[in-house]
Amino acid sequence: MDLGLKSKVAMVAGASMGIGYAIAEALAAEGARVVLASRNEERIQGAARRIRETTGGEAWGLVLDVRDPDAGTRFVQAARDAFGPPLILVTNAGGPPPGSFARFDIQDFEEAVRLNFLSAVRLTKAALPDMQAARWGRIVHITSSTVPEPAVGLFLSSAVRPAVAGFSKALATEVARDGITVNMVCPGLIATDRLQELAKHRAQESGLTAEEEFETLGRAVPLGRIGAPKELAAVVAFLCSEPAAYVTGTALRVDGGKVASLL
Ligand code: NAD
């Protein structure tokens with residue numbers, strides 16, 4: 001299938017590693033011109049270089065903290081300068097720290113809102129005008145399986161990420177007539193550094209090793225294993241594609257069947 005992504009300019013946030021990196025790589029492999037962003041200069045330039053090498057495509061690294069008030073405008077300007085008006089946006093960042101309600105104070109909630117909700121709003125606000133001018137756009141928000149199913153031990157994620165679901169769905173309705181689709185992808189257990197960290201956290205409480213926790217987590221998934229970043233990235237690349245034009249306002253789980261609810 002031709003995804004129609006050749007030469008489209010894409011912005012992927014939180015992309016020096018993990019899920020964001022895999023998405024940037026998948027888009028570049030389909031011929032998109034990708035600007036990828038994260039906070040550390042060396043890591044993001046290394047990631048952009050690796051993507052150029054593995055895909056033979058175009059990738060540009062930008063140092064950006066998605067919590068900064070000017071993150072959206074800087075990201076869009078960098079994409080315009082590097083490749084032209086961006087028509088694809090993938091919002092993503094690190095997750096909030098794990099723990100239960102008692103562990104967190106109000107500042108922790110504010111920080112989680114900044115990192116995992118306002119960042120998505122900020123980047124979207126800056127990216128929309130170019131998409132509206134082109135009457136074509138694709139926005140994908142990366143959230144978590146804590147949106148359909150709040151998770152024990154991931155209190156901040158469970159409390160804050162559903163705001164992205166409301167934002168994503170409401171926006172999808174508003175911009176549909178502009179030819180812009182807005183969707184959300186909810187990862188289950190995907191093998192990244194973030195998951196290693198969560199396994200370590202669980203290991204401290206259970207007395208098992210982090211490796212044992214990792215295996216136990218995988219066994220609890222209906223498909224019997226933890227997912228690969230590439231498996232999630234392929235779904236996002238499709239949502240960003242031309243053939244996905246009639247898919248908007250959805251929340252798509254990529255979780256090996258882990259979330260038990262119907263909706
Ligand atoms: P990760 O920690 O491996 O990678 C996060 C990326 O975001 C890195 O490139 C990091 O540098 C960047 N980043 C972090 N804070 C940033 C900031 N303030 N500004 C810009 N960039 C920033 O995480 P991951 O496993 O790839 O997960 C990506 C998202 O998906 C996270 O929000 C995570 O909570 C969520 N998620 C992951 C899983 C999983 O199993 N991996 C499951 C559910 C949800």
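A cavity is, on a 1 Å grid over the protein atoms alone, a set of points where a 1.4 Å probe fits but cannot get out, and its lining residues have an atom within 4 Å of a point. The model is predicted, so that local features need pLDDT of at least 70 and side-chain atom pairs count only at pLDDT 80 or more, while totals for chains, interfaces and linings use all residues. Residues are numbered from 1 along each chain as its sequence is written, and side-chain values use heavy atoms, with hydrogens and water left out.

**View 1. The cavity and its lining.** A search of the whole structure finds one cavity of 30 Å³ or more, with a volume of about 70 Å³ (the space filled by probe spheres set on the points). Its lining includes T91, N92, L115, N116 and V164, and helix α4 (residues 106-134) gives the most to this lining, with four residues.

**View 2. Surroundings of the ligand.** The ligand is surrounded by 29 residues, the closest being S16, A93, R161, G188 and T192 (a heavy atom within 4 Å). A polar side-chain atom of S16 lies 2.7 Å from an oxygen atom of the ligand, and a backbone N or O atom of G188 lies 3.2 Å from an oxygen atom of the ligand.

**View 3. Strands β2 and β3.** Strand β2 (residues 33-38) pairs with strand β3 (residues 58-63) in the parallel sense over six bridges, where pairing requires that DSSP finds at least two bridges and strands are DSSP runs (E) of at least two residues, helices (H or I) of at least four. V34 has A59 in β3 as its bridge partner.

Technical notes. 1 Å grid on protein atoms, 1.4 Å probe; cavity = no way out; pocket = protein on both sides within 12 Å on 5 of 7 lines; lining within 4 Å. Polar contact = N/O pair within 3.5 Å; in protein donor to acceptor, adjacent residues only side chain to side chain.
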